[in-house]
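This briefing walks through one protein chain, topic by topic, for a reader who is new to looking at structures. Please keep the sequence and the 3D view open while you read.

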Amino acid sequence: MDALPFGLYGFNIAVLLISIMLSIGGIILGLGYTFDDKKLREFGKNEIYQSVINGMLVGGLLVLFMNNGVIDLAMNSLIPGNSRFSCPGYMQNNLAICFAYSYLASPTPYTFSGSMHISLLEKITMLLSGLFLLSTILGSIASLEVNLLVFTLNFSYIIKPFLNEIQYIINILTATAVSISVQAFLLIFISLAAITIILPLGLILRTFYPTRKLGGFFIAVAIGLYVVFPLTYLFDAVLLNSYNSSPANSSIVSISSNATSLESEMISSINATNSTRISSITSIESDASHIFSSVNSLINSLLSFVSSLIMQVFILPIFSIVITGISIKEFAELMGSEAFFGKLRVL
């Protein structure tokens, strides 16, 4: 039963219920002819027709959604042959889901179209680690004062604007990391539940007359989530064509190293005599000027990266949800049901 898309018992339950409803439909049809009741005859015929349709759905969906079946092969054919993804084993039958997970949150590098990439979450994690270190070092420098004979050397007024910008970027990166994690867990849920729970539940509900429309809706949800939703990530990544670009983490490490050296120089100057402090002030100002210039350049590149990241993590996924919602609505209509979106009925 592992090869079936309906879980361990879903297929047997669906077949059993269809057989029961087929028998009930036959009994009702027989009673309709016995009592010459047109409504009973029509109801019995309709139930028999619906049972036959449900049987065809079970057989058709079994062929389409079984492991390495028609749907998996069709979706996998859209992935370039020289691609290697890093995803949990239960995702590997559907390479579109595997790609989407690798693109979002894979802990190890993956290969797409012959090029190696790291996931968005890994990029953000590395950037956050570097920015936390840089923010700590710059904050330490801002707290230091070098007292000279005439004036006091203090970089706090210069550093604080940079710290505010870095903290702003850290907050955005943290929000995007949370969003990526939510999307990754949604893909995990889809890969585990769409075909093994939601689809068989829809087939079971569609068997009964009172829940027939609800069952059709669940079938449409399963198809939309398993097929359409992961393919939108592939489309988004190819459309944007910039998911491998990010500020070099090495530049953050270099700036942090230079800032650490400046901090050491300032601490040494504080502990030195006044004459030594005056002689070292030129070196401190030169190093500080170089660091601030580097930080300014880094912030500019980070803002550009964050803009691209917002597009990938927030805006394009909204289009993915909209496209998936429209597909669910269309599939539900094919199943004789309706997709209820409340205020989003405009879909």
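## A briefing on the predicted model

Ile310, Met311, Phe314, Ile315, Phe319 and Ile323 together make a nonpolar surface patch of about 480 Å². The structure in which this patch appears is a predicted model, and the points below are grouped so that each residue can be found in its setting.

**The patch and its helix**

- Ile315, one of the residues that make the nonpolar patch, lies in helix α9, which covers residues 274-334.
- The relative accessible area of Ile315 is 35%, and because buried means under 20% and exposed means over 50%, Ile315 counts as partly exposed.

**The chain as a whole**

- The chain contains 9 helices and 4 strands, and when these are read along the sequence they follow the pattern α-α-α-α-β-β-α-β-β-α-α-α-α.
- Of the 347 residues in the chain, 46% are buried.
- The chain exposes about 17,200 Å², and carbon and sulfur atoms supply 66% of that area.
- Among the contacts in the chain with a separation of 6 or more, 70% are accounted for by residues that are 24 or more positions apart.

**Helix α4 and the residues leading to it**

- Helix α4, made of residues 95-105, is mostly covered, since 10 of its 11 residues are buried.
- The buried residues of α4 include Ile97, Cys98, Phe99, Tyr101, Tyr103 and Leu104.
- At the start of α4, a side-chain oxygen of Asn94 comes to within 3.1 Å of the backbone nitrogen of Ala96.
- Asn94 also appears in the surroundings of Asn76, which touches Asn93, Asn94 and Leu95 when residues up to four places away in sequence are not counted.
- Asn76 itself lies in helix α3, which covers residues 70-76, and Asn76 is buried because its relative accessible area is 17%, where buried means under 20%.

**Salt bridges**

- Side chains of opposite charge can pair when their charged atoms come close, and a search of the whole structure finds 3 salt bridges.
- Arg41 and Asp36 form one of these salt bridges, in which the closest N and O atoms are 3.1 Å apart.
- Are the two partners of this pair buried or exposed? Arg41 counts as buried because its relative accessibility is 17%, whereas Asp36 counts as exposed because its relative accessibility is 60%.
- Asp36 is placed in the loop between α1 (10-34) and α2 (38-65), and its phi is near 50°, which is a positive value in a residue other than glycine.
- Another salt bridge joins the side chains of Arg212 and Glu47, with a distance of 3.0 Å from N to O. The pair links distant parts of the chain, given that Arg212 is in helix α7 (residues 212-240) and Glu47 is in helix α2, 165 residues apart.
- Arg212 is buried because its relative accessible area is 11%, and Glu47 counts as buried because its relative accessibility is 2%.
- Glu333 and Lys329 form a further salt bridge, with their closest N and O atoms 3.0 Å apart. Glu333 and Lys329 both lie in helix α9, where they are 4 residues apart, or about one turn of the helix.
- Glu333 is partly exposed, with a relative accessible area of 46%, and Lys329 is also partly exposed, with a relative accessible area of 21%.

**A buried arginine without a salt bridge**

- Arg206 lies in helix α6, which covers residues 156-207.
- Which side chain of opposite charge is nearest to Arg206, and how far away is it? The nearest one is Glu47, at 9.0 Å, and Arg206 is buried yet has no salt bridge.
- A salt bridge needs a side-chain nitrogen of Lys or Arg within 4 Å of a carboxyl oxygen of Asp or Glu, and Glu47 is 9.0 Å away from Arg206. As described above, Glu47 meets the side chain of Arg212 in a salt bridge.
- The side chain of Arg206 does make a polar contact with the side chain of Asn54, at 2.6 Å.
- When neighbours within four places in sequence are left aside, the residues in contact with Arg206 include Gln50, Ile53, Asn54 and Leu57, and also Arg212, Ile219 and Met335.

Methods:
Residues are numbered from 1 along each chain as its sequence is written. This is a predicted model: local features need pLDDT of at least 70, side-chain atom pairs count only at pLDDT 80 or more; totals for chains, interfaces and linings use all residues. Side-chain values use heavy atoms; hydrogens and water are left out. Patches are made of residues with over 30% relative accessible area and no salt bridge: like charges are joined within 9 Å, nonpolar side chains (Val, Leu, Ile, Met, Phe, Trp, Tyr) within 5 Å. Accessible areas come from the Shrake-Rupley method with a 1.4 Å probe; for residues, only the protein chains shown count as cover. Helices (H or I, at least four residues) and strands (E, at least two) are DSSP runs, numbered from the N terminus. Buried means under 20% relative accessible area, exposed over 50%, partly exposed in between (1.4 Å probe, protein chains only). Lys and Arg count as positive and Asp and Glu as negative; His and the chain ends are not counted. A polar contact is a pair of N or O atoms within 3.5 Å; within protein, one must be able to donate a hydrogen and the other to accept it, and residues adjacent in sequence count only if both atoms are side-chain atoms. Contact means heavy atoms within 4.5 Å.
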